[in-house]
Every structure is written in structure tokens, then in C-alpha cells.
Amino acid sequence: MHRTSETRRRQTLRCSFCGAEIANGEGYWYCNGASICGDCLPEFARQELAPFRQIRGREALG
């Protein structure tokens, strides 16, 4: 079976958070099935880690 240039062409990689294209050579993070661009990483991390957030002085409450 011969592959055409169309089938060999890579699919566009997009950030799962914002939808922006992640270009060749650009760094990104792959976490829990999501591809995250560098611009979105801080907000993505905040949301992913939200269940573990503590507020100093309130640790014993709850």
C-alpha cells in the first residue's frame, strides 16, 4: 500500500484548552489526554490542581 503525500501529512496539533495551533518545534504539555500550550499552562494547572488548594489558617476547618 502506498501512502500519498496527503496521508503522510501530519494532522494539526491544537491546544485542548484554547484551541490554538501548536506549531512544530513549539513546546507543549500532554497531561491526562490533553495537549496544553505554554500560554495556557498556568490557568490549566490552576484548574487541575484546584481540589488540592489550601488557604493558610483554614487547614483545620471543614
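Tyr30 is found in strand β1 of this predicted model. With a relative accessible area of 62%, Tyr30 counts as exposed, because the cut-off for that class is over 50%. Tyr30 also has company at the surface: together with Tyr28 and Trp29, this residue makes a nonpolar patch of about 390 Å².

A step back to the whole chain helps to place this strand. The protein chain has two helices and two strands, and their order along the sequence is α-β-β-α. Of its 62 residues, 13% count as buried.

Just ahead of the aromatic patch comes Gly27, which sits in the loop between α1 (5–8) and β1 (28–31). Gly27 has a relative accessible area of 48% and is therefore partly exposed, since this class runs from 20% to 50%. Gly27 can also be paired with Gly38: the two glycines are eleven residues apart in sequence, and their C-alpha atoms are 6.9 Å apart in space.

The largest pocket is worth a look as well. Its volume is about 170 Å³, and its lining is formed by Arg10, Gln11, Thr12 and Leu13, together with Glu21, Ile22, Ala23, Asn24, Gly25, Glu26 and Tyr28. By character, the lining residues divide into four nonpolar, four polar and three charged. Tyr28 links two parts of this picture, as one of the residues that line the largest pocket and as a member of the nonpolar surface patch with Trp29 and Tyr30.

Definitions and conventions: Residues numbered from 1 in each chain as written. Predicted model: local features only at pLDDT ≥ 70, side-chain atom pairs only at ≥ 80, totals over all residues. Heavy atoms only, no water. Helix = DSSP H or I, 4+ residues; strand = E, 2+ residues; numbered from the N terminus. Buried < 20%, exposed > 50% of the residue type's maximum accessible area, 1.4 Å probe, protein only. Patch = residues over 30% accessible without salt bridge, like charges linked within 9 Å, V, L, I, M, F, W, Y side chains within 5 Å. Areas by Shrake-Rupley, 256 points an atom, 1.4 Å probe, with all protein chains shown as cover. Salt bridge = Lys/Arg side-chain N within 4 Å of Asp/Glu carboxyl O. 1 Å grid on protein atoms, 1.4 Å probe; cavity = no way out; pocket = protein on both sides within 12 Å on 5 of 7 lines; lining within 4 Å. Points joined across faces, edges and corners; volume = space filled by probe spheres on them. Nonpolar A, V, L, I, M, F, W, Y, C, P; charged D, E, K, R; others polar.
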